[in-house]
Amino acid sequence: MPPSTTTELPLAIEEFLEDVLEGLSGEQKTLPSKYFYDRRGSLLFDQICELPEYYPTRTEVAIMQQHGQQMADRIGERAIVVELGSGSSMKTGALLSRLPKPTCYVPVDISGEHLYEAAERIAEAHDDVQVVPVHADFTQEFALPDAEFEPARCVAYFPGSTIGNFRPAAAEELLSRLSNLVGPGGGLLIGFDLIKDRRTLEQAYDDQQQVTAKFNLNLLRRINEELDGDFDLRAFTHRAVFNEEHHRIEMHLVSQADQTVHLAGRSIAFRQGETVRTELSHKYSVESFSEMASRAGFAAPTVWTDPSRLFAVAYFPV
Ligand code: AVI
C-alpha cells in the first residue's frame, strides 16, 4: 500500500515535554489526553471498549449494524468517505460493505504504523473499494487524494464520540473545517455520546476492574519513561466525575499526599487531594449537537439512536 504522504510524524519528545510542563504549571493542573495513546495506552483503551460499564462502543456498533444500510443509502454511490482518526478502522467494515460502489475510502490517522496496516486489511476485505490512506493529523489541514472515478460527494466519517474529547469551541471549529473539507453536497456521519444519568456516566469511566484507572495512570508512567520524570504511580489515584454544568465527564489523577515530582530539572509540588485533570468527555443532546453543527455549516441531520438513547449517530448534510 503506497503512502499518499511520505513525511513521518513522530511524536516529538520536546513537544511532549513542553505540553506536560505547561499543563502542570496552571492553577488547575492538566495533561493533554492525546498522550494517553502510546502502545500500552492503546491496548488499555481497546480493553475499555469491551468493559461492561463502557456502553459507548457496543452501543455505537449496534446502531451501525441496525441502521447501516440507511446510512449507506444516505451517502450513496461514487462517494469519497474520509475517516478521521481511523486507527485500526474497526468500525468501518460494516459501512463499507453496505455502500453502493464505486467508493473511495480515505482513512486519516497520525499513527502511520496503525494506518497502513489497517488500510491493507480493509483493501483485502473490500476489493471493490479504492483505499487511499492519508498519514496526517486530522485536527490540522490536510489534502484529499483523487478518486479513480468522478466523485458525487465527499463524506467525513467520525465515529467513536471522539468529538466529545474536544472543548465545545474546538469541536465547533473542527466541524467548520469538516464542512469546508467536504464542501457543498457533502456530509458528515458522526457518533456522539448523549447526556444521561450521572451513575451510568461515572461508572463508564470508573469501572470495577480498574482498567480506566490503569489507562489514566499510564500517562504518568509514560512521563516517567519518556521524559525521565519521577512520578510515584502509587501516590496518585484515578477519579471520574460528571460535571453537570458543562455536561462532561472529567477524568482526574488525585495526589494522595503532599509531594514533589521532578521533571526536566523542575520541581513540581502537589498538595494532598490536588488533582491533575487528564480528560474531558463532553456529552450532548441531539438538539445541542445539531445546533453546534448548524453553526459550523451543516444542515438538519438524520439521527439514529439505540432504544435507551445512550448514544447517537447522525448524518449531517452540508
Ligand atoms: C476516545 N474517547 C471517545 C473516549 C471517551 O469516552 O471519551 C476516551 C475514554 N476515556 C476513558 N474512557 C474512554
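These are my notebook entries on a predicted model, covering a sheet, a ligand site, two hairpins and two loops.

**Entry 1, the open sheet.** I began with the strand order and found an open sheet of 4 strands, which reads β1-β12-β9-β8 and has mixed pairing. I then asked myself which strands stand at the edges of this sheet. They are β1 (29-30) and β8 (236-243), and each has a single partner strand, so one side of each is left without a neighbour in the sheet. As a reminder to myself, strands of a sheet pair through backbone hydrogen bonds, and they do this either in the parallel or in the antiparallel sense.

**Entry 2, the β1 edge.** I looked next at how β1 is held to strand β12 (residues 275-282), and I noted parallel pairing over 2 bridges. When I looked for the residue opposite K29, I found V276 in β12.

**Entry 3, a helix across the sheet.** I followed helix α8 (residues 211-227) and saw that this helix lies across β8, β9 (248-255) and β12. Against β9, I noted that α8 runs at about 60 degrees.

**Entry 4, around the ligand.** I listed the 14 residues around the ligand, and of these Y54, N165, Y205, E279 and S281 come nearest. Sorting the shell by class, I wrote down 7 nonpolar, 6 polar and 1 charged residues. I then asked which atom of the ligand is 2.8 Å from an N or O atom in the side chain of N165. It is a nitrogen atom, whereas for Y205 I noted a polar side-chain atom 2.5 Å from an oxygen atom of the ligand. S281 also places a polar side-chain atom by an oxygen atom of the ligand, here at 2.7 Å. On its own the ligand has 340 Å² of accessible area, and I recorded that the protein covers 97% of it. The elements that give two or more residues to this shell are α2 (39-50), α8 and β12. I marked α8 and β12 in my notes, since I had already met this helix lying across that strand.

**Entry 5, two hairpins.** I turned to strand β10 (residues 259-263) and strand β11 (residues 266-270), which pair in the antiparallel sense over 5 bridges. Within this pair, H262 has S267 in β11 as its bridge partner. How many residues lie between β10 and β11 in their hairpin? I found 2, and A264 in the turn has a positive phi of about 50 degrees.

For the other hairpin, I noted that strand β13 (residues 302-305) and strand β14 (residues 311-317) run antiparallel and are joined by 4 bridges. V303 has A314 in β14 as its bridge partner. Here 5 residues lie between the strands, and R309 takes a positive phi near 50 degrees.

**Entry 6, two loops with backbone angles to note.** I checked the peptide bond that joins K101 and P102 and found it to be cis, with omega about 5 degrees. P102 has its place in the loop between α4 (93-98) and β3 (103-109). Last, I looked up R78, a residue other than glycine, and its phi is positive, near 55 degrees. R78 lies in the loop between α3 (55-75) and β2 (79-84).

Note on methods: Residues are numbered from 1 along each chain as its sequence is written. This is a predicted model: local features need pLDDT of at least 70, side-chain atom pairs count only at pLDDT 80 or more; totals for chains, interfaces and linings use all residues. Side-chain values use heavy atoms; hydrogens and water are left out. Two strands pair if DSSP finds at least two bridges between them. Contact means heavy atoms within 4.5 Å. Axes are lines fitted to C-alpha atoms, for helices over the stretch in contact, and angles run from 0 to 180 degrees between N-to-C directions. A residue is near a molecule or strand if one of its heavy atoms lies within 4 Å of it. A polar contact is a pair of N or O atoms within 3.5 Å; within protein, one must be able to donate a hydrogen and the other to accept it, and residues adjacent in sequence count only if both atoms are side-chain atoms. Accessible areas come from the Shrake-Rupley method with a 1.4 Å probe; for residues, only the protein chains shown count as cover. Ala, Val, Leu, Ile, Met, Phe, Trp, Tyr, Cys and Pro count as nonpolar, Asp, Glu, Lys and Arg as charged, and the others, Gly among them, as polar.
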